[in-house]
Amino acid sequence: RNDISWLDTKAVLNGTTPTYALTDLESGRPVYKKPKNEDELFNLMGASSALPIRKPIRVDGREYIDGTLSVGGFPISKAIEDGHQEILVLSSRPNGFYKKSAFGLLSRALALHASFKGQPSLSKLCLQYGSRLKESNETARNNSEKIELVEPDKQILVSILDCNKKRLNATVDLGSEYAKKWLVEHGY
């Protein structure tokens with residue numbers, strides 16, 4: 001984040017404010033937060049995607065990391081719990097990605113790292129990471145009466161740790177393209 005941002009933070013904060021899924025580093029439990037201002041918006045965005053092998057993000061005096069560790073790829077259970085009757089899931093992964101991908105090695109490496117840092121709850125979450133991702137994807141896929149899953153037809157990122165800006169931007173652009181297409185198809 002710097003003085004120039006492509007994100008229209010005023011529009012985000014004045015619209016339907018997003019809820020960010022975080023993992024409490026100490027307890028390993030999911031936490032859901034809505035930003036109250038621009039600083040908190042960027043802080044929650046960082047915390048919701050903070051890898052456990054990097055520095056966690058402090059919010060309200062607690063440390064948080066990526067929400068996928070505690071809720072899976074999509075926080076569907078929270079949406080259902082909140083009473084939403086229609087849930088749209090925009091995935092950055094094409095159909096079949098979670099069946100083909102082997103998260104075991106990554107999960108074990110992250111768990112070992114957490115164990116060395118004296119974080120047993122995080123270590124356990126890391127070991128369950130791949131199964132949580134697959135489970136949330138299957139929940140989205142198998143509940144079509146309530147959940148609509150929109151997936152790209154191709155995989156741009158080379159791994160879940162891909163940090164290449166060109167591929168990350170292409171993935172975001174592809175997601176925007178699919179979201180616009182979905183909106184048009186559904187009369188919005």
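Contact here means heavy atoms within 4.5 Å. The model is predicted.

Start at helix α2, which spans residues 38-48. Its buried residues are Glu-40, Leu-41, Phe-42, Leu-44, Ala-47 and Ser-48. Several elements cover them, including α1 (9-14), β1, β2 (30-33), β3 and β4. At the start of the helix, Asn-37 plays a part: one of its side-chain oxygens comes to within 3.2 Å of the backbone nitrogen of Asp-39.

Glu-40 deserves a closer look. Its relative accessible area is 14%. Buried means under 20%, so Glu-40 counts as buried. Its side chain has a polar atom 3.0 Å from the backbone nitrogen of Lys-36. Setting aside neighbours within four places in sequence, Glu-40 contacts Lys-34, Pro-35 and Asp-60.

Asp-60 leads on to the strands. It sits in the turn of the hairpin formed by β3 and β4, and has a positive phi of about 50°. Two residues lie between these strands. Strand β3 covers residues 57-59 and pairs with β4 in the antiparallel sense, over three bridges. Within this pairing, Val-59 stands opposite Arg-62 of β4. Strand β4 (residues 62-66) also pairs with β1 (residues 20-24). That pairing is antiparallel too, again over three bridges. Here Leu-22 faces Asp-66 in β4. Both β1 and β3 are also among the elements that cover the buried residues of α2.

Now move along the chain to Phe-74. It is placed in the loop between α3 (68-71) and α4 (76-81). Is this residue buried or exposed? Its relative accessible area is 10%, so Phe-74 is buried. Beyond neighbours within four places in sequence, its contacts are Val-89, Leu-90, Ser-91, Ser-136, Asn-137, Ala-140 and Leu-149. Ser-107 lies 33 residues away from Phe-74 along the chain, and the two C-alpha atoms are 18 Å apart.

Two of the contacts of Phe-74, Val-89 and Leu-90, bring in strand β5. This strand has two faces. Ile-87 and Val-89 form the covered one, Leu-88 and Leu-90 the uncovered one. β5 pairs with β6 in the parallel sense, over four bridges. In β6, Val-150 is the bridge partner of Leu-90.

Ser-91 comes next, in the loop between β5 and α5 (97-100). At 11% relative accessibility, Ser-91 is buried. A polar atom of its side chain lies 3.0 Å from the backbone nitrogen of Arg-93. Not counting residues up to four places away in sequence, Ser-91 touches Phe-74, Leu-149, Val-150, Glu-151 and Pro-152. Leu-149 is thus in contact with Ser-91 and also with Phe-74.

The paired strands β5 and β6 also lead to a pocket. Rolling a probe the size of a water molecule over the atoms reveals where empty space remains. The second largest pocket holds about 250 Å³ of space. Which elements give two or more residues to its lining? They are β5 (87-90) and β6 (147-150). The lining includes Ile-87, Leu-88, Ile-147 and Glu-148. Gln-85, Glu-86, Ser-144, Glu-145 and Lys-146 also belong to it, as do Trp-182, His-186 and Tyr-188. By type, the lining residues divide into five nonpolar, three polar and four charged. Ile-87 lies on the covered face of β5, and Leu-88 on the uncovered one.

Notes: Residues numbered from 1 in each chain as written. Predicted model: local features only at pLDDT ≥ 70, side-chain atom pairs only at ≥ 80, totals over all residues. Heavy atoms only, no water. Buried < 20%, exposed > 50% of the residue type's maximum accessible area, 1.4 Å probe, protein only. Polar contact = N/O pair within 3.5 Å; in protein donor to acceptor, adjacent residues only side chain to side chain. 1 Å grid on protein atoms, 1.4 Å probe; cavity = no way out; pocket = protein on both sides within 12 Å on 5 of 7 lines; lining within 4 Å. Points joined across faces, edges and corners; volume = space filled by probe spheres on them. Nonpolar A, V, L, I, M, F, W, Y, C, P; charged D, E, K, R; others polar. Pairing = 2+ DSSP bridges.
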